[in-house]
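Here are my notes on this one, in the order I'd go through them at the screen. Have the sequence and the model open side by side.

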Amino acid sequence: MQPGQLGILIVEDDPDQRALMQRHLAQLGYEDISFVTQSDEAIAHAASHHPDLILMDISLGSGLDGISTAREIYRNKPTPIVYVTSY
């Protein structure tokens with residue numbers, strides 16, 4: 001699969017980190033990049049858009065943390081999830 005064909009969801013509440021990931025992925029040729037900032041948004045987006053890969057922070061502020069969010073997403077549809085975090 002070519003980079004442009006892969007749907008990536010970024011789940012990150014820090015706008016600087018989110019912009020950095022999005023910029024680097026775009027430079028590599030990835031075009032289908034979405035982002036959300038909270039656990040409930042991530043769960044809903046994953047259920048409706050079925051991304052091929054999720055890049056997720058472990059600490060998401062309010063709501064569920066990244067680990068619990070991943071469990072909910074994976075329960076609906078097994079999706080590869082990579083944690084990108086400073087913790």
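1. First, a yardstick for exposure: a residue is buried under 20% relative accessible area, exposed over 50%, and partly exposed in between. Keep in mind, too, that this is a predicted model.

2. With that in hand, take the salt bridge; the structure holds one. The partners are Arg75 and Glu72, whose side chains meet at 3.0 Å, N to O. Both sit in helix α3 (residues 66-76), three residues apart, or about one turn of the helix. Glu72 comes out at 28% relative accessibility, so Glu72 counts as partly exposed. Arg75 has 60% and therefore counts as exposed.

3. Now compare that with Arg18, in helix α1 (residues 15-27). Which side chain of opposite charge is nearest to Arg18, and how far away is it? The answer is Glu12, at 6.3 Å; Arg18 is buried yet has no salt bridge. The cut-off matters here, because a salt bridge needs a side-chain nitrogen of Lys or Arg within 4 Å of a carboxyl oxygen of Asp or Glu. Apart from neighbours within four places in sequence, Arg18 is in contact with Ile10, Glu12, Asp13, Phe35 and Thr37.

4. On to the sheet. This is an open sheet of four strands with parallel pairing, in the order β2-β1-β3-β4. The edges are taken by β2 and β4 (81-83), each with a single partner strand, so one side of each has no neighbour in the sheet. On average, neighbouring strands are turned by 20° against each other, direction ignored.

5. If you want a place to check the pairing, try β1 and β3: these strands run parallel and are joined by four bridges. Val11 stands opposite Met56 in β3. Helix α2 packs on the sheet, where α2 touches β1, β2 and β3, and the direction of α2 makes about 145° with that of β2.

6. Which residues of helix α2 (residues 39-49) are buried? They are Ser39, Ala42, His45 and Ala46. Looking down the axis of α2, these buried residues fall within an arc of 130°, so they line one face of the helix. What they pack against is β1 (7-11), β2 (32-36), β3 (53-56) and also α3.

7. One last backbone detail: His50, just after α2, takes a positive phi of about 50°. I'd look at His50 while you still have the end of α2 in view.

Conventions. Residues numbered from 1 in each chain as written. Predicted model: local features only at pLDDT ≥ 70, side-chain atom pairs only at ≥ 80, totals over all residues. Heavy atoms only, no water. Helix = DSSP H or I, 4+ residues; strand = E, 2+ residues; numbered from the N terminus. Buried < 20%, exposed > 50% of the residue type's maximum accessible area, 1.4 Å probe, protein only. Lys, Arg positive; Asp, Glu negative; His and termini not counted. Contact = heavy atoms within 4.5 Å. Arc of directions from axis to C-beta. Pairing = 2+ DSSP bridges. Axes fitted to C-alpha atoms, helices over the stretch in contact; angles between N-to-C directions.
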